[in-house]
Amino acid sequence: MRMVKQNIRCLLIIFAALLCQGASADSVSDFSRANEMYAARNYDGALDVYSGIESSGEVSGNLFYNIGNCYAKKGMYGKAIVNYERALALSPQDTEARANYKFVLSEAGNPREISPVTGVRSYILKLFSALTLNGLTVTFSIVLFILIACAAIAAYPGGPRQIFLPAALVFLIAVVISGVALKDRIDGLGRDAIIVAKNVEVKFEPFAQSTTYFDLEEGDKVRINDTKDGWSRVIRSDGRQGWVAADTFEII
Amino acid sequence: MIIMKKFILSVIAILIALGSGSSALAAPSEFSFQASMNRTVLAVGETIQLSLTFYGTQSVGVPSVPDIKGFNLRYVGPATRVSIINGKVSSSITHLFNLTATEPGKYNIGPFSMGYKGDVYTTQAIPVEVVKGAVPPPTVTRSVKQLPPPQQVNGSVDDRVFITLTSEKNKIYVNEIVPISVNLYVSGLSMRDIQYPQFPHENFSVNDFTKPSQSPQVLKGVMYEVLKFDSSMYGTTPGDFTVGPVTIQGNVISRAPLSRRGSIMDDDDFFNSFFDRMQVYPVSLESDPLKITVLPLPQENKPENFSGAVGNFDFDYQVTPKKVKVGDPVTIMFTVKGKGNLNSVNITGMMDNDDFKVYQPHVVKQEDGTKVFEQVIIPKKEGQKQLPETDFSYFDPSQTKYVILKKGPLQIEVLKPDKEERIKIIDNPKTSQPFAVEEVLGKDILYIKGSPGNVEKASRLPFFRDPVYLGINAVLLFMPIAVFLMRMMGDRFKNDRVYAGNVMASRLARKYASQLKKLLRSQDTGKFYDGVFKALQAYLGNKFRIPAASITSSVVEDTLSGRNIEPEILELIKKVFNDCDMARYALSNFDRAAMEDTYSSMEKILRNLERIRS
């Protein structure tokens, strides 16, 4: 029993180590300096410093929020939307980031989503919207562990099946629901992008002379399906696909 | 044929009886007795219908009608009716007679008398003319547009459905209200989908028509159902004008006889009408126009503050509260009540002065012959204040003169305001600022964050790709399964002796094999053979669930026979046991080669016996 407790303690420490990391002193200093530039309306200078912190490999929801603010002030709504999306991915419960995100969306003319989610799936995604990707992964693991434990106890001959069999069914549903939400997040990871250029022409083939199929507006959300020679095949909300130059969008 | 007729009449009688029964629930209304004909001009040989109707009851038997000269009389039957108009229930019974003309001439049908509850009721006489040949067409004074085909409607439609427009007066003053009514007369037909009357009324203001009332009415000896639409109007400009004609749209329902040939009932009028089918025709009825003269109001003796009110009114003037503080609002109520045109009623109200801040009067009520104005004033100074006398004047058309009504003055007491309380400026919400101004809020992004917050390494893999996380997950997920399997095995070990013996034997086999190999290497012959003997005993004992100590070379064959052991292995077991016995007594005979031989025999035995399920 004592050994089991020690093992659990070790696992918790590892989890904590995985989850929490602090900012370096340089990053904190640079962050403050960039904030001062922002306050002085020097948005380009602030962006340079914020981008430097990002390049150093230390990121946070607040960092992307401030970068989004800089772009919003510069009227570059596509880039602002990308950074608010990044901020919300890291801090989904940040109400200020959500408010600014909505404001910029409306300023950009409410651009299109990748595919409007409806029905039960929309409820499921909304249910887990307050969790980060890692939070959702941990939730899925916990629910799966409880499901297996309940199933094992229920399957044991002479065990308390009346309690643990229904519990196993409940957790099976929870596993399915959280699994759907997790899959949705994983599908979009590294593939969901925001159009950051204005009036982007989407081509039938991956070169500039190709026929234009349709146009995308700044702030439109697309999913990248393929990349070739500086061109990426994107899919938009109505399912239409085409090729755009790689510098016209940014991955979230 | 007679049976058939009787059957149908019985069915009709039952239906009529059911109708009568239901009418018993209706409340009784005033009794009256009327006679009517469906036509008053007919040709010799034609049949007209005489209806003797008793209103207010349905419990009147067949009246005795004497023979009528020039006609053959035949009783058709009763018809009952219950109607509810504006919540008032009325019932009636009509006894129908067919009169077939036999001789030309002018006749009076009736009068008919009937006793009911001790009183005798008498109808009017109905003049009827019987002509030779075809009936001449009637004079048309009203038009019916889109008539049904003449062969499908019996008689003249103009006489059976028409409308009239009437007013109480044809000479009125400007702004004088005059009641008007539009009557829709229907006889021998049914109308439905009747729309409200419409008519041109330039230079007149007309109120909406009320909900129509329905009543029977005899006109020139013919019974009509009359639908009456009431309204009122007033002239806005003096002059001679024409109002109307009024039009009413609706659908006429008429019987169209079925073409039947050789029917068994061809010779019976009752069945002819019974088998008629109903047809619907849209009609647009139009009345005669109405000539109205609108007189100007007289200039003689016209009051100074006359504002156009025409009628007969009463006037009241009140103020509340009568004791207020400076700055508090006071309400003056002007009430005009009576008969006449309330739309033309207006008042000037109190004028602005040094003592009061005065707001414009406004109408707060106009219904049921009453119009109420409200005026808010705010006292500016303390003390006993007087609201001046006020008057209201109107023109009374019945007396053809102007009337001035005076009220007031009124007293109010204005007190000092409280010391802490400054004079309040109260705006009447209905006169000054009727709507709240919607606050316009600014829109922009929220300010930046002051600290970096929870910082992460961008290069760090997400959990679902992190090998450490996945490893921990694998361990955690396998734990319940492992525990489950171990518990299952433990339970079997406890409960299954065969399984437990086999498991134990296998474990011992592995253990002793390892130990014997060490002894073989050390070339300790005595310990080696002693170990071989004990290992073989323990293994066989566990494997075959027999006491290990009882197993020796002498009992091996008896003990192990019948346990699926190959004879060669059985011989080998016996040989190993014998070698062990020999080694105890003649140790020097066993060198390393013999020990290796025994060890390999031992291995062969264990390998073979492990394959056997004991």
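What percentage of the 252 residues of chain A count as buried? The figure is 40%, and it is a reasonable place to begin a tour of this structure, which is a predicted model.

**The two chains**

Select chain A and colour it by secondary structure, and you should be able to follow nine helices and eight strands. The accessible surface of chain A comes to about 13200 Å², with 59% of that area belonging to carbon and sulfur atoms. Among the contacts in chain A with a separation of 6 or more, 58% join residues 24 or more positions apart.

Switch next to chain B, where there are nine helices and 32 strands. Of its 614 residues, 40% are buried, and the accessible surface of chain B is about 35000 Å², of which carbon and sulfur atoms account for 53%. Residues 24 or more positions apart make up 69% of the contacts in chain B with a separation of 6 or more.

**The cavity**

Now show both chains together and look for enclosed space: a search of the whole structure finds one cavity of 30 Å³ or more, and the volume of the largest cavity is about 40 Å³. To display its lining, select Ser27(A), Phe31(A), Ile53(A), Glu58(A), Val59(A), Ser60(A), Leu63(A), Pro452(B) and Val455(B). At least two residues of this lining come from each of helix 2 (25-39) and strand 1 (58-59) of chain A. By character, the lining divides into six nonpolar residues, two polar and one charged.

**Asn62(A)**

From the lining, move to Asn62(A), which is found in helix 4 (residues 61-74) of chain A. Is Asn62(A) buried or exposed? Its relative accessible area is 15%, and it therefore counts as buried, since the cut-off for that class is under 20%. Leaving aside neighbours within four places in sequence, the contacts of Asn62(A) in chain A are with Phe31(A) and Asp94(A), while in chain B they are with Lys449(B), Ser451(B), Pro452(B) and Gly453(B). Two of these partners, Phe31(A) and Pro452(B), also belong to the lining of the largest cavity.

**Helix 6 of chain A**

Select residues 95-107 of chain A to bring up helix 6, whose 13 residues reach 18 Å from the first C-alpha to the last, close to the 18 Å expected at 1.5 Å a residue. Its buried residues are Ala97(A), Asn100(A), Tyr101(A), Phe103(A), Val104(A) and Leu105(A). If you then add helix 4 and helix 5 (77-90) of chain A to the view, you will see part of what covers these buried residues.

**Phe140(A)**

Continue to helix 8 (residues 133-155) of chain A and pick out Phe140(A). This residue is partly exposed, with a relative accessible area of 23%. Beyond residues up to four places away in sequence, Phe140(A) touches Val175(A), Ser178(A), Gly179(A) and Leu182(A). A C-alpha to C-alpha distance drawn from Phe140(A) to Gly179(A) should read 6.6 Å, although the two are 39 residues apart in sequence.

**Helix 6 of chain B**

For the last stop, select residues 525-544 of chain B, which form helix 6 of that chain. The end C-alpha atoms of this 20-residue helix are 28 Å apart, which agrees with the span of 28 Å that it should have at 1.5 Å a residue. Because 15 of the 20 residues are buried, helix 6 of chain B is largely enclosed by the rest of the structure. Just after this helix, Arg545(B) takes a positive phi of about 50°.

How values were computed. Residues are numbered from 1 along each chain as its sequence is written. Chains are lettered from A and ligands numbered from 1 in the order in which they are written. This is a predicted model: local features need pLDDT of at least 70, side-chain atom pairs count only at pLDDT 80 or more; totals for chains, interfaces and linings use all residues. Side-chain values use heavy atoms; hydrogens and water are left out. Helices (H or I, at least four residues) and strands (E, at least two) are DSSP runs, numbered from the N terminus. Buried means under 20% relative accessible area, exposed over 50%, partly exposed in between (1.4 Å probe, protein chains only). Contact means heavy atoms within 4.5 Å. Accessible areas come from the Shrake-Rupley method with a 1.4 Å probe; for residues, only the protein chains shown count as cover. On a 1 Å grid over the protein atoms alone, a cavity is a set of points where a 1.4 Å probe fits but cannot get out, and a pocket is an open set with protein on both sides within 12 Å along at least five of seven lines; lining residues have an atom within 4 Å of a point. Grid points are joined across faces, edges and corners, and a volume is the space filled by probe spheres set on the points. Ala, Val, Leu, Ile, Met, Phe, Trp, Tyr, Cys and Pro count as nonpolar, Asp, Glu, Lys and Arg as charged, and the others, Gly among them, as polar. The expected span of a helix is 1.5 Å times one less than its number of residues.
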